[in-house]
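Thank you all for coming; I would like to walk slowly through one structure today, and I will take it piece by piece. Please look at the picture first, and then follow along with me.

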2 protein chains.
Amino acid sequence: MSVVSFDRFSITGESPIYLQILRYVQRGIVAGTIADGEELPSRRVLSALLGVNPNTVQKAYRLLEEEGLAVSHPGAKSYVSFTTEQLSAIRIQLTEDSARRAVESMREMGVSLEEAEALLRRLWKEEAP
Amino acid sequence: MSVVSFDRFSITGESPIYLQILRYVQRGIVAGTIADGEELPSRRVLSALLGVNPNTVQKAYRLLEEEGLAVSHPGAKSYVSFTTEQLSAIRIQLTEDSARRAVESMREMGVSLEEAEALLRRLWKEEAP
DNA sequence: CAAACTGTACTACTTGACTAATACGGCTCC
DNA sequence: GGAGCCGTATTAGTCAAGTAGTACAGTTTG
């Protein structure tokens, strides 16, 4: 099985490195570019590639394992591992669920749909890379 | 003019104290319980009431002034001051955190702005009374 | 088996956010 | 005009997050 590629990954300094690594893998899983069973680069290899400390990568991998998206065993390689149920769960969790909370919050505050749309476009532009 | 009451305010430790004070006033303004021109408790009085340092209150008041919701002059009392145009801006800002998380998630999942707008309108109608 | 990898645990350093302590100068009102 | 308020600036302490350095133990592979 192939190894997860981090060629399209770069550190931006806008958020903690370990979170950027975590989101990169999550995004890859949902986008289909990272498949179930794929091998993850070792902590040392990836840390050397990114120029950070192995523990920073370890933190990201530990979070992945806590979410059930990867499996790790002492001394052995780590692998991406998820079920189709988890995939849809992640998709919902990361998109519609957060959007629903935002909508609910805005409605409680009396924000109009037009204001919400304006806010959406503004935030979308702000978060652009 | 009456003084802004903090009787219904209590520190929860879930977020910085100065932000809790800021949001309390913002919510009060949006809810209509705090009117334009009302007098704010002095930094020292409110800090003694809450059991925190005057500078913590000062930080909240300074943010209020930066947002144009209060006016302060050296040696004089501070007052709440806002226009009707600012009301909608406050409502949007109070929900901006959840909205920002939603936008961030959708961007990570590769959702386009158009799809996000469609999702927003759909969720908006679903939550309608 | 042994070398070279692997994951993991522990400690330490750096940095920024948050809060506190203190001091200074301006307004107000008797 | 002076006592007692007021807002403000400056400095310092506290704490957690993030990252780094190092060491230990297990697995793989030749």
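**The layout of chain A**

Reading chain A from the N terminus onwards, the elements come in the order α-β-α-α-β-β-α-α-α. That string of symbols stands for six helices and three strands in chain A. Before I go further, I should say clearly that what you see is a predicted model.

How much confidence does the predictor attach to chain A, as a mean pLDDT? The mean pLDDT of chain A is 90, and 95% of its residues reach 70 or more. Among the elements of this chain, strand S1 of chain A, residues 39-40, has the highest mean pLDDT, at 98, whereas helix H4 of chain A, residues 84-94, has the lowest, at 79. As a general caution, predicted coordinates should not be read in detail where pLDDT is low.

Turning to the overall dimensions, the C-alpha trace of chain A spans about 55 × 35 × 20 Å along its principal axes. Of the 129 residues in chain A, 40% are buried. If we take the contacts in chain A between residues at least 6 apart in sequence, 57% of them join residues at least 24 apart.

**Two pairs of helices**

To describe two packed helices, one gives the angle between their axes and the distance between those axes. In chain A, helix H1, residues 17-31, packs against helix H3, residues 54-66, at an angle of about 45°, and their axes are 8 Å apart. H1(A) and H3(A) are therefore oblique to each other, and their crossing is right-handed. Which residues make this contact? From H1(A) there are Ile17(A), Tyr18(A), Ile21(A), Leu22(A) and Val25(A), and from H3(A) there are Thr56(A), Val57(A), Lys59(A), Ala60(A), Leu63(A) and Leu64(A). Sorted by kind, the residues of this contact between H1(A) and H3(A) are nine nonpolar, one polar and one charged.

Now let us move to chain B, where the axes of helix H1, residues 17-31, and helix H4, residues 84-94, cross at roughly 130° and come within 10 Å. H1(B) and H4(B) are therefore also described as oblique to each other, and H1(B) passes H4(B) in a left-handed crossing. On the side of H1(B), the residues involved are Gln26(B), Arg27(B), Ile29(B) and Val30(B), and they meet Leu87(B), Ile90(B), Arg91(B), Gln93(B) and Leu94(B) in H4(B). This contact of H1(B) with H4(B) divides into five nonpolar, two polar and two charged residues.

**Two single residues**

I will finish with two residues, beginning with Val71(B), which lies in strand S2 of chain B, residues 70-71. Why does Val71(B) count as partly exposed? The reason is that its relative accessibility is 34%, and partly exposed covers values from 20% to 50%. Leaving out residues up to four places away in sequence, Val71(B) touches Glu65(B), Lys77(B), Ser78(B), Tyr79(B) and Ser81(B). Phe82(B) is eleven residues from Val71(B) along the chain, and the C-alpha atoms of these two are separated by 9.3 Å.

The other residue is Ser105(A), which lies in helix H5 of chain A, residues 96-108. Ser105(A) counts as partly exposed because its relative accessibility is 21%. Which residues does Ser105(A) contact, leaving aside its neighbours within four places in sequence? The contacts of Ser105(A) are with Thr95(B) and Ser98(B), so here we look across from chain A to chain B.

Technical notes:
Residues numbered from 1 in each chain as written. Chains lettered and ligands numbered in written order. Predicted model: local features only at pLDDT ≥ 70, side-chain atom pairs only at ≥ 80, totals over all residues. Heavy atoms only, no water. pLDDT = per-residue confidence, 0-100. Helix = DSSP H or I, 4+ residues; strand = E, 2+ residues; numbered from the N terminus. Axes fitted to C-alpha atoms, helices over the stretch in contact; angles between N-to-C directions. Parallel < 35°, antiparallel > 145°, perpendicular 65-115°, else oblique. Left-handed = near helix turned anticlockwise from the far one by under 90°. Contact = heavy atoms within 4.5 Å. Nonpolar A, V, L, I, M, F, W, Y, C, P; charged D, E, K, R; others polar. Buried < 20%, exposed > 50% of the residue type's maximum accessible area, 1.4 Å probe, protein only.
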